[in-house]
Amino acid sequence: MTTPTQHDGHHSRGSFATRLGIILATAGSAVGLGNIWRFPVETGQNGGAAFLLVYLMCVVFLGVPMMTAEFVIGRRTHTDIASAYQRLAPHEPWYVTGYAGILCVTLILSYYSVVAGWILRYAVAAVQGTMSSMTNASAFFESFSTATWPPLAYTLLFILLTHLIIVRGVQRGIESFSKLMMPLLAVMLCLLAAGSMAMPGARAGVTFLLRPDFSKVDASVVLSALGQAFFSLSIAIGCLSTYASYFRREVPLLKTAANVVALDTLVAIVSGFIIFPAVFSVEGVGADAGPGLVFVTLPSVFSSLFSGTPALGYAFALMFYLLLVLAALTSTISMHEEVTAFFVDRYHVSRRRAATYMTIVAMLLSTLCCLSFGPLRDFRPFMGRGFFDAFNDVTALWIMPLSGIVLSIFVGWRLPRDLVEDELTSGGLHRVPRWLVSTFFVLIRWVAPVAIGLIFANSLIA
C-alpha cells in the first residue's frame with residue numbers, strides 16, 4: 001500500500017463548498033451537550049470563574065494543537081480515519097487507533113442518542129406547555145426514563161433524524177444543515193442568556209461565573225478543566241479527521257482550528273450565562289446541581305419562575321430544550337458521518353447504503369442502552385455495569401484518552417516534520433510564522449501527551 005497524494009479520492013468523495021460551511025460544520029461537531037450541559041455542571045462543581053479561567057488555558061494549549069493534528073491526518077489523506085493511518089504509516093500498527101475511533105463513536109452514538117431522546121421528550125413537553133406544571137421533575141424523569149417504549153421511541157426517532165441528514169451528503173446534508181442550524185443555535189443562545197440575566201437574583205449567578213476564587217484552584221480543578229476541554233472538543237475519536245478529509249487544499253488548518261475552538265468555547269461560556277443566573281434565581285437550588293441539571297433542576301426552575309408570566313416561561317423552556325436538541329444533533333451527525341465515510345471508502349458502497357448500515361447498528365445498540373434504565377436495569381454483564389454505563393466507561397475512560405495520546409505521538413513524532421509543515425501551510429499557500437509552527441510541535445509532542453496522560457490517570461483513580 002503506497003502513500004497517496006493529497007488529492008486521492010478528494011473529488012469523488014465530495015468536499016465542503018465554503019470556508020463558512022467548514023467552520024460551522026466542524027464547530028457543530030464539537031458543540032454538543034458537553035458545552036451546554038457538562039460545562040455548566042463542571043463549572044458549578046469546581047468553583048465557577050476560577051475553573052473557567054483554567055479551562056480557557058486548556059482549550060488554547062491542548063484543544064487547538066490537538067484539533068489541528070486531527071485536521072492534518074484527515075486533509076492529508078482525504079479518506080476515512082482507519083484508512084488514513086494505514087496510508088500515512090503503511091504496514092505499521094498505528095491503524096488500530098483508527099479502528100478504535102470507529103468503535104468509539106459507534107458506542108458514543110449509541111448512548112448519546114438515549115440522552116438526546118430524553119431531551120427530545122422534554123422539548124415536546126415544552127412545546128405542549130406542560131413544563132410549567134412539572135412540579136415534581138425528579139418523579140417525571142424517573143417515570144419516563146425507566147419506561148420501555150416511550151424513551152425508546154424518542155431515541156430511535158433522534159437517530160432517524162441524524163440519518164436523514166447524513167444520506168443527503170456532505171454539501172447538501174451536513175454543510176447545508178450546519179449553515180442553517182448553527183446560526184439559529186447562536187440566536188437562541190443569546191436570547192436565552194438575555195432572558196436568564198433579566199431574572200430576579202441573576203446577579204449572583206453572573207458573579208459566580210465571572211469573579212474567580214483562586215483559593216479553590218487545586219489539582220483536581222485543573223484536571224477537571226483538562227478533561228472538559230478534551231471531551232468538549234470531540235478530540236481523538238476521528239470525527240474531526242473525517243470532516244477534515246472533506247477540506248479543500250486552501251483551507252488554513254491552524255486558523256480553522258482556532259476559529260472552531262473559539263466558537264465552541266463561546267457556546268460553553270454563553271451557556272453558563274443561561275444556566276447560573278436561572279439557577280441562582282430560585283431559592284434552594286445550588287450551582288453544583290450535578291448531572292441532573294437538565295432533567296430535574298432546570299424543569300423545577302422553569303415551573304417556579306415566571307409564575308406571573310406563563311408565556312415568558314413557556315418561551316424560555318421551549319427555546320432551551322430546542323437548543324439542546326440542535327446541539328445534540330450536530331454532534332450525532334459528525335459521529336454518524338465518521339462510520340458512514342468508513343463504509344463508503346473501505347467497501348465502496350453508496351452513501352445511502354453506508355448510512356443505513358450505521359443507522360441500523362446505532363439503533364440496535366441504542367435500544368440496549370435505553371432499556372438498561374428499564375427492563376434491562378438488572379442485566380449488568382460488564383463487571384456489574386449495564387450497557388449505557390459500560391459504553392460510557394469504555395469510551396470516556398479508555399478509548400478517548402489513549403487515542404489522544406497516540407494521536408499526539410503520531411503527528412508529533414511519527415509523521416515527517418516537513419509533511420506536517422506542508423499541511424500547516426497548505427502547501428505554501430499560507431504563511432505561518434516559524435514561532436507558531438515551533439510552538440505547535442512543542443505542544444503536540446510534549447504538552448498534549450502529558451496532559452492527556454494525566455486525564456487518563458485521573459479517570460482511573462476517580
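A residue counts as buried when its relative accessible area is under 20%. Keep that cut-off in hand for the exercises below, which all use a predicted model.

**Exercise 1. Helix H16**

Task: find which residues of H16 are buried, and work out whether the span of the helix agrees with its 21 residues.

Solution.
- Start with the length. Helix H16 covers residues 351-371. The expected span is 1.5 Å times one less than the number of residues, so the 21 residues of H16 should span 30 Å, and the end C-alpha atoms are indeed 30 Å apart.
- Next, apply the cut-off. The buried residues of H16 are Arg351, Ala354, Ala355, Met358, Thr359, Ala362, Ser366, Cys369, Cys370 and Leu371.
- A reminder helps in reading that list: an α-helix has 3.6 residues a turn, so residues three or four places apart point the same way.
- Finally, look at the cover. The elements over these buried residues include H6, H7, H8, H9, H15 and H17.

**Exercise 2. Threonine 155**

Task: decide where threonine 155 sits, whether it is buried or exposed, and what it touches.

Solution.
- Threonine 155 belongs to helix H8.
- Its relative accessible area is 0%, so threonine 155 is buried.
- Leaving out residues up to four places away in sequence, threonine 155 touches Ser113, Val114, Gly117, Ser366 and Cys370. Ser366 and Cys370 are also among the buried residues of H16.

**Exercise 3. Serine 331**

Task: place serine 331 in its helix, then follow its side chain to a backbone oxygen.

Solution.
- Serine 331 lies in helix H15, residues 310-347.
- With 5% relative accessibility, serine 331 counts as buried.
- Beyond residues up to four places away in sequence, serine 331 touches Gly28, Ser29, Val31, Gly32 and Tyr112.
- One of these partners also gives the answer on the side chain: the side chain of serine 331 reaches the backbone oxygen of valine 31 at 2.9 Å.

**Exercise 4. Alanine 84**

Task: compare sequence and space for alanine 84 and threonine 242, and name the contacts of alanine 84.

Solution.
- Alanine 84 is part of helix H5, residues 81-88.
- The relative accessible area of alanine 84 is 1%, so this residue is buried.
- Alanine 84 and threonine 242 stand 158 residues apart in sequence, with 9.4 Å between their C-alpha atoms.
- Apart from neighbours within four places in sequence, alanine 84 contacts Ile73, Thr77 and Thr79.

**Exercise 5. The largest pocket and helix H11**

Task: describe the lining of the largest pocket, then turn to H11, one of the elements that contribute to it.

Solution.
- The largest pocket holds about 1,400 Å³ of space.
- Its lining is made of 42 residues, with Arg38, Glu42, Phe231, Asn392 and Ala396 nearest the centre.
- Two or more lining residues come from each of H2, H3, H6, H11, H15, H17 and H19. H3 gives the most, with eight residues.
- Sorted by class, the lining has 22 nonpolar, 16 polar and four charged residues.
- Now for H11: its 14 residues reach 20 Å from first C-alpha to last, close to the 20 Å expected.
- Buried in H11 are Val221, Leu223, Ala225, Leu226, Gly227, Gln228, Ala229, Phe230 and Ser232. These buried residues pack against H2, H3, H4, H13, H17 and H19.
- Just after H11, serine 234 has a positive phi of about 55°.

Conventions:
Residues numbered from 1 in each chain as written. Predicted model: local features only at pLDDT ≥ 70, side-chain atom pairs only at ≥ 80, totals over all residues. Heavy atoms only, no water. Helix = DSSP H or I, 4+ residues; strand = E, 2+ residues; numbered from the N terminus. Buried < 20%, exposed > 50% of the residue type's maximum accessible area, 1.4 Å probe, protein only. Contact = heavy atoms within 4.5 Å. Polar contact = N/O pair within 3.5 Å; in protein donor to acceptor, adjacent residues only side chain to side chain. 1 Å grid on protein atoms, 1.4 Å probe; cavity = no way out; pocket = protein on both sides within 12 Å on 5 of 7 lines; lining within 4 Å. Points joined across faces, edges and corners; volume = space filled by probe spheres on them. Nonpolar A, V, L, I, M, F, W, Y, C, P; charged D, E, K, R; others polar.
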